[in-house]
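Biologist: Hey, I'm new to this one. Can you pull it up and walk me through it?

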Amino acid sequence: MRTPIVGRAAETEALLACLAAERHVLLEGPVGVGKTALARAVCAELDRPLFRVDGDGRYTEGKLVGLFDPPAVLASGYRPEHFIPGALVLAMQAGGILFINELNRMPEGVQNVLLPALDEGRVQVPNYGEVRAAHGFALVATQNPTEFVATGALSEALLDRFELVKLDYQSEDEERAIVALDARSGPAAELIVRAVALVRATRTDPRIRRGASVRAAIAIADIAARLGGDLARAALLALPTRIELVDPAATPLAGVLDDLAKKAGVAGLL
Ligand SMILES: Nc1ncnc2c1ncn2[C@@H]1O[C@H](COP(=O)(O)OP(=O)(O)OP(=O)(O)O)[C@@H](O)[C@H]1O
Ligand SMILES: [Mg+2]
């Protein structure tokens, strides 16, 4: 089945070109901009398997590469069949795409183990041997531009092995189409228009440090449809977790929401 993707023609073309050229790609864009959706769509298009890993500060090289099953090793030693491959080895052997979310959050050891895999398509696994990448193997990694100051940037050496595809928020029409596609409750078109307008307004309000993505618009439209069209209530449920106010004590969300609605031209409907 082909994963439906709205718009993103240029980004899809860029990603496909990089992967066809056997390059590794760093997808950079704010939370919820569609990085995972794009990677999935491209993998489906290329008919290559996708192995997904989510970066965090405690992730280990062993988990990424693979581990020997300790009881089996104790019983009969380091036999190849006791090796449980991790996502990197699985992707290399299958000639698939290793998709690492938030690579910049991964510890240095994990970033280092990737270097030979990216350069030469090989990785040394102690007690198992060398794993070579089958044709088609590539790494697609994501990083979130506003976060990497707090969570550590990628090493220069690692960055040098990537091409960069930047993703920005899509147009209003495209975001409406995404909500129509993704909202499970099949919200009315009018509800979709208002939810998208409201969410887009969060990205430009000076009282908001970090605005919301289309993911918030999907949630608002879906919840409002189940609350008899009550957009304000749905927004108050969906936005607190997804936006960051500059000064929450001075400007509570409910007040900001009134202004956002006016700005978005949906005031009378809130
Ligand atoms: N172009 C698009 N076409 C269809 N759906 C999209 C598109 N862009 C985003 N979406 C949908 O919007 C939501 C958020 O997208 P996605 O999860 O890909 O974002 P992300 O950038 O990976 O987010 P995060 O930074 O949190 O990992 C998903 O439900 C996804 O299906
Ligand atoms: Mg994602």
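Modeller: Here it is, and we can go through it topic by topic; keep in mind that this is a predicted model.

Biologist: Okay, how is the protein divided?

Modeller: There are two parts in the assignment: domain 1 covers 9-166 and domain 2 covers 172-269.

Biologist: What separation is there between the centres of domain 1 and domain 2?

Modeller: Taken over C-alpha atoms, the centres are 34 Å apart.

Biologist: And how many residues of each domain are in contact with the other?

Modeller: On the domain 1 side 5 residues take part, and they meet 4 residues of domain 2. The side of domain 1 that touches domain 2 is made of 3 nonpolar and 2 polar residues, with no charged ones.

Biologist: I see a ligand too. Where does ligand 1 lie relative to the domains?

Modeller: Ligand 1 lies between domain 1 and domain 2, because both of them give residues to the shell around it.

Biologist: Which residues come nearest to ligand 1?

Modeller: Val6, Gly34, Lys35, Thr36 and Ala37, out of the 20 residues around the ligand. In terms of chemistry, the shell has 9 nonpolar, 7 polar and 4 charged residues.

Biologist: Which helices supply at least two residues of that shell?

Modeller: Helix 2 (35-46), helix 9 (172-182) and helix 11 (214-226) each do that.

Biologist: Switching topics: what's going on along strand 2?

Modeller: Strand 2 runs over residues 50-54, and its side chains alternate. Phe51 and Val53 point to one face and are buried, while Leu50, Arg52 and Asp54 point to the other face and are not buried.

Biologist: Why would they alternate like that?

Modeller: That's a general habit: in a regular strand, side chains alternate between the two faces of the sheet.

Biologist: In what sense do strand 2 and strand 5 pair?

Modeller: Parallel, over 5 bridges, with strand 5 spanning residues 97-101. Phe51 has Leu98 of strand 5 opposite it.

Biologist: Which residues have the most contacts inside the largest nonpolar core?

Modeller: Leu98 turns up again there, along with Val25, Leu88, Met92, Val123, Leu139 and Val140. That core has 42 residues. Apart from it there's another core, of 35 residues, including Ala197, Leu198, Ala216 and Ala221.

Biologist: Back to Val123: what does it touch?

Modeller: Leaving out residues up to four places away in sequence, Val123 touches Val65, Leu88, Met92, Val113, Pro116, Ala117 and Val131.

Biologist: Anything unusual in the backbone?

Modeller: Two residues are worth a look. Arg8 isn't a glycine, yet has a positive phi of about 60 degrees. Glu102 also has a positive phi, near 50 degrees, and isn't a glycine either. As a rule, most residues other than glycine have a negative phi.

Biologist: Where are Arg8 and Glu102 placed?

Modeller: Arg8 is in the segment before helix 1 (9-20), and Glu102 is in the loop between strand 5 and helix 6 (108-120).

Biologist: Is Glu102 buried or exposed?

Modeller: Glu102 counts as buried, because it has 20 C-beta neighbours inside 10 Å. Arg8 has 18 such neighbours, so it counts as partly exposed.

Biologist: Last one: where is Arg161?

Modeller: Arg161 is in the loop between helix 8 (156-159) and strand 9 (162-166). It counts as partly exposed because it has 16 C-beta neighbours inside 10 Å.

Biologist: And what is Arg161 in contact with?

Modeller: His24, Leu118 and Asp119, leaving aside neighbours within four places in sequence.

Note on methods. Residues numbered from 1 in each chain as written. Chains lettered and ligands numbered in written order. Predicted model: local features only at pLDDT ≥ 70, side-chain atom pairs only at ≥ 80, totals over all residues. Buried ≥ 20, exposed ≤ 12 C-beta atoms within 10 Å, placed from the backbone. Helix = DSSP H or I, 4+ residues; strand = E, 2+ residues; numbered from the N terminus. Pairing = 2+ DSSP bridges. Near = placed C-beta within 6 Å. Nonpolar A, V, L, I, M, F, W, Y, C, P; charged D, E, K, R; others polar. Domains from an automatic or database assignment. Core = buried A, V, L, I, M, F, W, Y, C linked by C-beta atoms within 7 Å. Contact = placed C-beta atoms within 7 Å.
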